[in-house]
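Trainee: I am new to this model and would like to learn how to read its contacts, one feature at a time. Could we begin with charged side chains and then go on to helices and chains?

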Number of protein chains: 4
Amino acid sequence: MGAIRTDLAMESFEEHGKERLPGVEISSWEAEGVHVTEVKVSQGEGARLLGKAPGSYLTLELEDQARRAPESRRAMATLLGEELARLVPPGESDPVLVLGLGNRWVTPDALGPRTVERTLVTRHILREMPQAADERMGLVCAVAPGVLGVTGVETQEMVKGLISQLRPRCVIAVDALAARATDRMGYTIQLTDTGIQPGSGVGNHRSALTQETLGVKVLALGVPTVVYAATVARDALELLARNSGLEQGHEKALDALGDQIAGGELGEMIVTPREIDQLIEDVSAMLASGINQALHPGLSQSEIDTMM
Amino acid sequence: MGAIRTDLAMESFEEHGKERLPGVEISSWEAEGVHVTEVKVSQGEGARLLGKAPGSYLTLELEDQARRAPESRRAMATLLGEELARLVPPGESDPVLVLGLGNRWVTPDALGPRTVERTLVTRHILREMPQAADERMGLVCAVAPGVLGVTGVETQEMVKGLISQLRPRCVIAVDALAARATDRMGYTIQLTDTGIQPGSGVGNHRSALTQETLGVKVLALGVPTVVYAATVARDALELLARNSGLEQGHEKALDALGDQIAGGELGEMIVTPREIDQLIEDVSAMLASGINQALHPGLSQSEIDTMM
Amino acid sequence: MGAIRTDLAMESFEEHGKERLPGVEISSWEAEGVHVTEVKVSQGEGARLLGKAPGSYLTLELEDQARRAPESRRAMATLLGEELARLVPPGESDPVLVLGLGNRWVTPDALGPRTVERTLVTRHILREMPQAADERMGLVCAVAPGVLGVTGVETQEMVKGLISQLRPRCVIAVDALAARATDRMGYTIQLTDTGIQPGSGVGNHRSALTQETLGVKVLALGVPTVVYAATVARDALELLARNSGLEQGHEKALDALGDQIAGGELGEMIVTPREIDQLIEDVSAMLASGINQALHPGLSQSEIDTMM
Amino acid sequence: MGAIRTDLAMESFEEHGKERLPGVEISSWEAEGVHVTEVKVSQGEGARLLGKAPGSYLTLELEDQARRAPESRRAMATLLGEELARLVPPGESDPVLVLGLGNRWVTPDALGPRTVERTLVTRHILREMPQAADERMGLVCAVAPGVLGVTGVETQEMVKGLISQLRPRCVIAVDALAARATDRMGYTIQLTDTGIQPGSGVGNHRSALTQETLGVKVLALGVPTVVYAATVARDALELLARNSGLEQGHEKALDALGDQIAGGELGEMIVTPREIDQLIEDVSAMLASGINQALHPGLSQSEIDTMM
């Protein structure tokens with residue numbers, strides 16, 4: 001059947017039957033109750049088949065039974081902090097720019113803006129009171145650039161303008177993602193060094209934010225908050241087709257049906273948990289905690305809380 | 001296949017193939033660009049088959065092409081006001097109590113609370129300044145009782161307490177509904193004199209608010225804001241089954257598949273437009289406008305705005 | 001000069017020059033870095049002079065230097081929990097009803113509603129799953145009844161209705177208060193067993209919620225979030241008068257000036273910190289933490305977080 | 001007495017006893033029930049005495065008795081639109097950039113961000129669908145750049161970056177102001193061609209946004225939403241001093257007292273109406289309406305509503 005829409009490299013890989021793809025390497029491990037998968041994509045055939053830019057895609061997944069405990073979210077945040085710290089280039093005089101992509105007034109798309117609101121920002125402190133600087137605190141600024149439909153300004157334009165003024169050593173772009181599997185919503189983090197590719201994200205209208213377009217390293221950090229309704233419908237079709245043996249010889253008819261569903265009114269619809277508002281709160285707190293740990297490695301959680 | 005979950009009597013009727021059901025009468029007409037359908041259900045077999053309490057269910061639908069224009073919402077509001085005015089018992093000394101059901105912090109469930117925030121409340125004015133009373137202004141109070149999981153109090157308990165104090169002549173309960181068809185979300189109003197039945201609404205955990213339980217006439221006013229994800233999946237199954245001729249002889253297998261989907265993780269998931277926040281704003285403004293026109297028949301929109 | 005408006009018994013007492021008043025007993029102590037004062041008022045002359053109902057008024061104050069540390073707020077919350085636990089009558093079968101008074105859409109008046117949103121509510125759990133009951137968890141429900149101008153229903157009516165349904169063993173009413181001293185805003189808690197008196201609170205339009213009117217013990221818990229602008233102006237007048245020796249012989253002129261200020265446009269104005277939104281968040285979290293500790297004495301903070 | 005803090009040129013002028021100042025010209029007129037005052041300041045002594053940059057300051061004031069009627073706000077918005085249209089340089093190919101200054105999470109400082117949310121943005125439409133362009137619709141983008149303490153980025157840096165990307169023909173900066181007189185809050189608009197000066201606005205921490213610093217014409221549009229508490233106290237002092245004849249010979253003592261008040265805890269406190277949340281909503285709607293009328297001169301209010 002036609003391609004299912006997902007922003008997770010791991011799901012694109014799974015969709016290919018987990019078969020070996022040329023130039024795609026997979027590894028996975030457990031850490032503190034979190035399942036970690038790394039998909040490494042090289043230039044070439046594998047990248048084309050997956051529909052993903054070459055680079056490294058790290059996926060952190062919380063096990064089902066661990067999801068309700070606050071400790072689990074904390075473990076995820078700590079692990080995210082460690083992985084992020086590995087990817088952010090070292091440096092003291094140039095800031096890290098955290099970007100919260102998406103529309104703060106559209107709940108499932110508000111993950112990025114909510115995360116930057118919780119990021120500890122220090123650039124103004126360290127510039128105005130350099131004596132307050134100590135090695136435990138990084139140089140950080142954080143902006144939610146808004147979305148094109150609300151500002152009339154492309155995210156890429158906004159970020160280029162910011163970069164020309166701030167000269168950051170690295171950009172971390174936080175965004176809400178679309179997944180294929182509904183049970184990944186809120187409990188899977190993807191961290192990649194490929195930046196943001198056009199057409200990804202819940203808002204689905206972003207231009208590229210990459211090393212090529214911005215001239216600076218771009219890490220992208222995202223969590224699925226929606227599944228497209230058309231994906232749910234297609235999955236039901238596939239399930240039935242498989243169960244009934246219809247698949248053989250009817251691929252085209254199934255594809256046509258899938259396209260009909262995606263092209264209709266369902267195309268604009270999303271699937272979320274009913275408690276999407278709470279999920280955005282919880283997940284943005286988790287992401288911001290990971291970011292704060294990575295960028296201010298010497299500060300305790302209590303010190304960070306006090307400074308915000 | 002197993003019953004599809006919908007709160008709209010009209011959709012339950014359509015699901016029965018629009019065949020004649022004993023004790024169910026249908027009529028429909030157009031008014032100001034709005035399509036109106038009335039389903040009248042008597043006690044008996046028809047009520048049982050539809051799964052709906054006996055009474056009258058009025059459905060107002062905005063045509064597709066009319067949806068973007070603000071004039072259309074105004075026409076819907078005016079029509080709603082007229083139908084509501086017909087159902088509210090006349091009276092001057094006892095108030096009408098408008099109830100906004102649902103959880104204001106869960107966006108798709110916040111329709112009721114947002115509507116009562118926009119309802120013009122007058123009981124305190126008319127009691128404190130009876131000289132301000134004039135026949136153009138009705139006696140109205142409006143409460144959002146919250147939900148059981150947040151307050152620990154059943155909506156029915158809360159409302160019984162209120163009724164014992166306020167002695168209203170009528171209750172209007174506003175609630176977010178679940179529909180079967182995604183294109184009904186936000187553009188279909190159901191108004192019924194049967195009150196709120198257990199298990200209806202997006203929150204799906206309400207006890208009955210009816211003439212029987214409350215001792216006062218209860219009108220229920222709702223707009224679909226979600227479709228259950230399981231409904232979307234089942235609809236895809238049905239579509240495929242019909243297209244492929246699988247239906248004949250496989251009803252049981254299809255039912256089992258449908259139940260498997262509804263019983264899994266999808267069971268908790270909802271389908272909404274991405275712009276659900278904006279939809280709740282627009283629809284609650286429309287409902288409140290209809291309510292204000294019905295309960296304060298002599299006031300102009302500008303006078304209402306000034307008093308709020 | 002004419003009476004300064006304050007809801008704090010301690011400030012009323014201080015205004016009387018801390019002189020001995022008949023039937024008023026003062027005691028104070030330190031606990032965990034918090035300054036505690038108890039004003040005990042008996043029926044009679046002292047009560048009349050203070051303008052306060054007879055009863056006990058406990059004031060918890062955070063020292064200036066301790067205010068920025070999150071640990072201090074936690075210490076306040078713990079102390080509040082202990083004092084509250086002493087005042088709530090024991091019982092297992094009747095719930096405690098926590099009331100969040102005030103208007104959630106008026107920031108300085110939103111303290112009560114925001115606090116109940118953070119209160120752990122259990123009545124529905126213990127009723128639906130009695131096997132989940134254990135002695136560490138109390139029977140609690142929590143309601144924000146809204147304000148008269150928004151609902152058309154008196155708070156007293158709403159609460160009477162609730163009490164007739166819930167039969168609580170005790171009511172805890174949380175409200176935003178007005179203080180005289182601006183440096184008390186956000187850092188002073190008043191806990192009293194006298195209930196809510198007419199005309200108190202920021203909203204300043206509440207009818208009595210007391211043992212007499214409700215037939216059940218009413219504890220009132222409040223934190224100043226505003227000072228009236230007229231109070232600030234009067235204080236400036238007094239300061240000048242004292243500094244310049246004007247006071248002698250000009251009391252009447254000063255009173256007239258003070259009344260002129262309070263009666264003018266300033267009468268409707270309030271003084272708050274610029275960061276009033278953040279203050280309401282921080283203080284409501286502190287109050288809810290104290291309430292949760294008092295009512296669920298066996299649950300850890302982490303267990304409470306998980307259950308919410 | 002020491003200078004009173006106000007952002008309104010008209011109040012600075014009034015403070016000088018409305019005497020003639022060199023290089024300052026005043027004119028005033030009535031239009032549609034609105035009182036309009038223009039203060040024209042030339043380079044030199046008058047500018048220094050007023051503490052205002054040279055340029056034109058237009059003040060629109062709604063009369064007391066007209067404030068409750070929605071018609072009055074509409075008249076203000078229309079008048080603002082006309083005056084703004086006179087000041088914005090004509091042009092079709094370069095956009096107008098509307099900036100919403102201030103912190104959206106600090107209610108009295110949220111006027112700017114709330115106004116840009118209601119501004120009709122068209123740049124993306126006209127770029128993506130040039131055929132949709134018609135002469136009735138201007139080229140507009142609108143950004144709320146956030147505040148330094150939240151983003152770590154100076155507003156001036158953010159705006160310079162934006163200007164380098166967008167090349168606007170004009171900037172309109174919207175900001176919440178501090179006034180001297182409490183009765184001006186919410187009902188007085190100041191429009192000036194001098195841009196934003198350092199230290200103005202409620203947030204009180206902004207760097208200059210002017211033709212000199214940005215290289216493009218900057219109009220500043222503001223409404224007072226706060227009065228500093230120290231101002232209220234000083235005004236009380238002055239009133240008493242004047243009434244008691246203390247002024248003569250005691251100027252220094254009064255100044256010292258005023259400074260003592262402003263330097264103390266009151267220095268951080270603001271005076272607002274209790275309903276500050278509603279005031280911000282109403283005023284931002286009024287400002288956005290004026291801006292939309294000025295920048296999209298051919299669109300009706302209904303067309304603008306439909307496009308948002």
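Trainee: Which two side chains of chain B meet in a salt bridge with an N to O distance of 2.7 Å?

Mentor: The general idea is that side chains of opposite charge can pair when their charged atoms come close. In this model, which is a predicted one, the pair is B:R114 and B:E281, whose side chains form a salt bridge at 2.7 Å from N to O. B:R114 belongs to helix α4 (residues 111-117) of chain B and B:E281 to helix α11 (residues 276-295) of chain B, so the pair ties together parts that are 167 residues apart in sequence.

Trainee: How many salt bridges does the rule count over all chains, and how many of them does it find across the interface of chain A and chain B?

Mentor: Over all chains the count comes to 64 salt bridges, whereas across the interface of chain A and chain B the rule finds zero. Between chain D and chain C the count is likewise zero salt bridges.

Trainee: What, then, should I read about the interface of chain A and chain B, and how many residues does each chain bring to the contact?

Mentor: An interface can be read through its residues and through its buried area. Chain A gives 36 residues to the contact and chain B gives 36 residues, and the area buried between chain A and chain B is about 3000 Å², with 66% of that area coming from carbon and sulfur atoms. On the side of chain A, the residues A:L240, A:M269 and A:R274 supply 24% of the area that this chain buries against chain B, which is more than any other three residues.

Trainee: What does the contact of chain D with chain C look like when it is read in that way?

Mentor: Here 36 residues of chain D touch 36 residues of chain C, and the buried area between chain D and chain C is about 2900 Å², of which carbon and sulfur atoms give 66%. D:L240, D:M269 and D:R274 lose the most area to chain C, together 23% of what the side of chain D buries.

Trainee: How are helix α10 of chain A and helix α9 of chain B placed against each other?

Mentor: For a pair of helices, one can take the angle and the distance of the axes, and then the residues that meet. Helix α10 (residues 251-263) of chain A packs against helix α9 (residues 229-244) of chain B at an angle of about 140°, and their axes are 11 Å apart. Roughly antiparallel is kept for angles over 145 degrees, and α10(A) is therefore oblique to α9(B). The crossing of α10(A) with α9(B) is right-handed. From α10(A) come A:L254, A:L257, A:Q260 and A:I261, which meet B:A236, B:L239, B:L240 and B:N243 of α9(B). Of the residues in this contact, six are nonpolar, two are polar and none is charged.

Trainee: Within chain B, are α9(B) and α10(B) roughly parallel or roughly antiparallel to each other?

Mentor: Their axes come within 9 Å and cross at roughly 160°, and α9(B) and α10(B) are therefore roughly antiparallel. α9(B) passes α10(B) in a right-handed crossing. Among the residues that meet are B:A233, B:R234 and B:L237 in α9(B) and B:L257, B:D259 and B:I261 in α10(B). The residues of this contact divide into eight nonpolar, one polar and two charged.

Trainee: At what angle do helix α10 of chain C and helix α9 of chain D pack?

Mentor: The angle is about 140°, with the axes of the two helices 11 Å apart, and α10(C) and α9(D) are therefore oblique to each other. The contact is made by C:L254, C:L257, C:Q260 and C:I261 of α10(C) together with D:A236, D:L239, D:L240 and D:N243 of α9(D).

Definitions and conventions
Residues numbered from 1 in each chain as written. Chains lettered and ligands numbered in written order. Predicted model: local features only at pLDDT ≥ 70, side-chain atom pairs only at ≥ 80, totals over all residues. Heavy atoms only, no water. Axes fitted to C-alpha atoms, helices over the stretch in contact; angles between N-to-C directions. Helix = DSSP H or I, 4+ residues; strand = E, 2+ residues; numbered from the N terminus. Parallel < 35°, antiparallel > 145°, perpendicular 65-115°, else oblique. Left-handed = near helix turned anticlockwise from the far one by under 90°. Contact = heavy atoms within 4.5 Å. Nonpolar A, V, L, I, M, F, W, Y, C, P; charged D, E, K, R; others polar. Buried area = accessible area lost by both parts, 1.4 Å probe. Salt bridge = Lys/Arg side-chain N within 4 Å of Asp/Glu carboxyl O.
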